[in-house]
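User: I'm new to reading protein models, and I'd like a close look at one part of this one: the surroundings of the ligand. Could you walk me through it and show how it ties in with the strands?

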Amino acid sequence: MILQTISMKSVTAEGMGTLSVFEAERDVPFAIKRIYYIYGAPEGVQRGGHAHKALRQVLWCPYGSILIRLDDGTEKSEVLLNDPAKGLIVEHYMWREMIWQQKDSVLCVAADSYYDADDYIRDYDAFLAAVAHPGQN
Ligand code: T46
């Protein structure tokens, strides 16, 4: 299953806004070691263009609208993150692109591992070879 979205529990207080929450190892299927977020991007910006060998993450957009394109080497799919209570689980060996649909949209990411530049596959052909022959890379 390429698209795994979660609906966060949300509690609205009349006239005071909404609190949304997800819990590691309960609502997302892994423990969380790192959180990062991307902001200040103009409309139309495209980021990503890579896959990870091991990293598992959950993405959400607390403000704005960001199109996420996923590709597992066989199937391609996309989802619009435009709801602060919607999360997207992105598993390893998943090519991803993120396209800003609205200026200043914020992309938040919770990851199961610390940053490791060697975990990235930034060449698409290398990604296709890796998914075609798992265990050889
Ligand atoms: C991903 C998508 C959704 C760090 O130093 N530490 C970090 O934890 C991260 C995530 C990045 N960096 C450095 C590495 C680069 O020099 O920040 C710079 C920008 O990273 P990158 O070009 O990989 O950013 P995106 O937006 O293309 O991708 C990021 C994550 O890197 C990636 O894991 O899945 O967001």
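What is the mean pLDDT of the protein chain?

Analyst: Let's start there. This is a predicted model, and the mean pLDDT of its protein chain is 97, with 99% of the residues at 70 or more. The model also scores an ipTM of 0.98 and a pTM of 0.97.

Now to the ligand. The residues around the ligand are Arg34, Tyr36, Ile38, Arg47, Gly48, Gln57, Leu59, Arg96, Met98, Val109 and Tyr115. Four strands give two or more residues each to this shell: E4 (34–38), E5, E6 (57–63) and E10. E4 makes the largest contribution, with three residues. If you sort the shell by class, you get six nonpolar, two polar and three charged residues.

Let's follow E5 next, since Gly48 is a handy place to stop. Strand E5 covers residues 46–52 and pairs with E10, residues 95–100, in the antiparallel sense over four bridges. Gly48 is one of the residues around the ligand, and its bridge partner in E10 is Glu97. E5 has another antiparallel pairing, this time with E12 (residues 120–121), over two bridges. There, His52 is matched with Tyr120 in E12. As a bit of background, strands of a sheet pair through backbone hydrogen bonds, either parallel or antiparallel.

What about E4 and E6, the other two strands on that list? Both belong to an open sheet of five strands, which runs in the order E1-E9-E6-E11-E4 with antiparallel pairing. E1 (4–7) and E4 stand at the edges with a single partner strand each, so one side of each has no neighbour in the sheet. On average, neighbouring strands here are turned by 25° against each other, ignoring direction. So the strand giving the largest share of the ligand shell, E4, is also an edge strand of this sheet.

At the other edge, E1 pairs with E9 (residues 86–90) in the antiparallel sense over four bridges. Within that pair, Ile6 sits opposite Gly87 of E9.

Finally, here's how a database record frames the chain. An unreviewed UniProt entry lists residues 5–131 as "domain: Sugar 3,4-ketoisomerase QdtA cupin". Over that stretch, the model is 6% helix and 50% strand, and the C-alpha atoms at its ends are 22 Å apart.

Terms used: Residues numbered from 1 in each chain as written. Predicted model: local features only at pLDDT ≥ 70, side-chain atom pairs only at ≥ 80, totals over all residues. pLDDT = per-residue confidence, 0-100. Pairing = 2+ DSSP bridges. Near = placed C-beta within 6 Å. Nonpolar A, V, L, I, M, F, W, Y, C, P; charged D, E, K, R; others polar. Axes fitted to C-alpha atoms, helices over the stretch in contact; angles between N-to-C directions. UniProt positions renumbered as here; feature names shortened; annotations may be inferred.
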